[in-house]
Amino acid sequence: MGLNRIIAALLILALPASLSGLTHTVRKGENLTTIAQAYSVSVAAIKKANNIKDADVIRIGQKLSIPGTAPTFIEYTIKKGESLSSIATRHGLKAKELGAYNGIRNLNKITAGQVIRIPSKTGVAPPKWAKLPASVRQALDKIAVKPNQWKRIVIHHSGTTADRAINIARVHKEERRMENGLAYHFVIENGTRGTRNGDIYISNRWKKQLNGGHMKIHAHNQISIGICLIGNFEKTRPKAKQLEQLEALIAYLRLKTNVPAKYVTTHTLMHPNHTLCPGKYFPAHLLKEMAQ
Ligand SMILES: [Zn+2]
C-alpha cells in the first residue's frame, strides 16, 4: 500500500459515520420511504442492504446501512451553544438556506437536541415538505401514521369567508353531533377570526388515525385524508400562503402514506353531482403538479 493510499484510508476512518452516509439511526415517525428519500436511494436497496423482509417492521433506534452513493441529506443534532449560522458556515451554506431546508423561519429559534437535515451535495433542491414550519413538522412527526390505511387525499373548502378550525370543530361536534368532532384531518387557516394565514390545524382524527367524516360514503371516509382550506372559493381564490402550505402538507403526507399523486383530489372531483366543494376558484388544475 503506497503512502497516498494509507493517508486516504486514514481519512476515511476519521470521517464520522454520519458523513460517510453508511448508517442511519431510525427516529420516531420515520419509515423506509422517508429514509430512502432522504438519501436518494430506493426502498428496495435499503431492504436488501439490511436484509429486511417486511418494510413495516423497522423500529426506532435501529441502525440501517444505507447502500450506494453519498446521502442527499445528513441528519445533524444541534448541540448546546450552536447557532444555525455556525452550522451553515461549516457546511458551505447560508443560515437562511439551511433554515429553508428545515422549515425554520426564525433563524435564531433553534434548540439543542433538535435534529436538522443538512444537504450533503450542493444544488440539492429543498423537498416540498421543507416549507412546513419546524413546529408543524415536529408535531406531525410525533404521530404514528397507520401503515396501508390512507389511499387518497381529498381537498375541501369551508364555504365560509371568515372562519377558523376550532369553530368548525365546535359546529361538527355540537350541532352536527359528530362523535369524533371535526370531520377533517387538517384545516388550513386563512388569517380571519384571529388565526394566522397558512397555519395548519391538525385534528384529533389525524392524531388518533381515525376515519374522516368529510365524505358522504363511509368506505371513502375510511381511506381518505381530508384537508379543508378556510374560505369560500366559489367567491374568492385561496390565499397564496394557504396553497403553499397545502402543497407542503401534501408532500409530507405522501411520504408518510405513499398515496400516489393521481389520488390527490378534491371533493367535487369525487362527487361532481352533489358538491361544488372546494369551489371554482380552487386551482384543481394545479393539483397534479402540486402533488409531484
Ligand atoms: Zn367538501
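In strand 8, the bridge partner of His156 is Cys228. Here strands (E, at least two residues) and helices (H or I, at least four residues) are DSSP runs numbered from the N terminus, and two strands pair if DSSP finds at least two bridges between them. The model is predicted: local features need pLDDT of at least 70, side-chain atom pairs count only at pLDDT 80 or more, and totals for chains, interfaces and linings use all residues. Residues are numbered from 1 along each chain as its sequence is written.

**The five-stranded sheet**

Strand 5 and strand 8 run parallel and are joined by six bridges. Strand 5 also runs parallel to strand 9, to which three bridges join it; Val154 has Thr265 as its bridge partner in strand 9. On the other connection of strand 8, strand 6 (residues 186-188) pairs with strand 8 (residues 224-229) in the parallel sense over three bridges. Within strand 8, Ile227 is the bridge partner of Phe186.

These strands belong to an open sheet of five strands with the order 7-6-8-5-9 and mixed pairing. Its edge strands, each pairing on one side only, are strand 7 (200-202) and strand 9 (264-266). Neighbouring strands of the sheet are turned by 25 degrees against each other on average, direction ignored; the axes behind this value are lines fitted to C-alpha atoms, for helices over the stretch in contact, and angles run from 0 to 180 degrees between N-to-C directions.

A residue is buried if 20 or more other C-beta atoms lie within 10 Å of its own, exposed if 12 or fewer, and partly exposed in between, with C-beta atoms placed from the backbone. Strand 5 is largely enclosed by the rest of the structure, because five of its six residues are buried.

**Helix 11 and the nonpolar cores**

Helix 11 (residues 240-257) has 18 residues and reaches 25 Å from its first C-alpha to its last. That span is close to the 26 Å expected at 1.5 Å a residue, where the expected value is 1.5 Å times one less than the number of residues. Since 13 of the 18 residues of helix 11 are buried, this helix is also largely enclosed by the rest of the structure. Asn258, with a positive phi near 65 degrees, follows helix 11.

A nonpolar core is a set of buried Ala, Val, Leu, Ile, Met, Phe, Trp, Tyr and Cys residues joined through C-beta atoms within 7 Å. The largest such core has 36 residues, and those with the most contacts inside it are Ile153, Phe186, Val187, Ile188, Ile227, Leu249 and Tyr252. Two or more residues of this core come from each of several elements, including helix 7 (134-141), strand 5 (152-157), helix 8 (165-175) and strand 8. Helix 11 gives the largest share, seven residues. The core draws at least three residues from each of domain 1 (14-141) and domain 2 (152-290), with bounds that come from an automatic or database domain assignment.

Two residues are in contact if their C-beta atoms, placed from the backbone, lie within 7 Å. Not counting residues up to four places away in sequence, Tyr252 touches Trp129, Leu132 and Leu140. A second, separate core of nine residues includes Phe73, Ile74, Leu98 and Ile116.

**Loop residues**

Three asparagines found in loops are listed below with their surroundings.

| Residue | Loop | C-beta neighbours inside 10 Å | Class |
|---|---|---|---|
| Asn51 | helix 4 (43-50) to strand 2 (63-65) | 6 | exposed |
| Asn148 | helix 7 to strand 5 | 10 | exposed |
| Asn211 | helix 9 (204-207) to helix 10 (218-223) | 19 | partly exposed |

Most residues other than glycine have a negative phi, and most peptide bonds are trans. Asn51 has a positive phi of about 55 degrees, and phi of Asn148 is also positive, near 65 degrees. The peptide bond from Cys277 to Pro278 is cis, with omega near 5 degrees; Pro278 lies in the loop between helix 12 (267-270) and helix 13 (287-290).

Asn211 is in contact with Asn221 and Gln222, leaving aside its neighbours within four places in sequence. Asn211 and Ser224 are 13 residues apart in sequence, and their C-alpha atoms are 7.7 Å apart in space.

**The chain as a whole**

The secondary structure of the chain comes to 13 helices and nine strands. Of its 292 residues, 32% count as buried. Among contacts between residues at least 6 apart in sequence, 69% join residues at least 24 apart.
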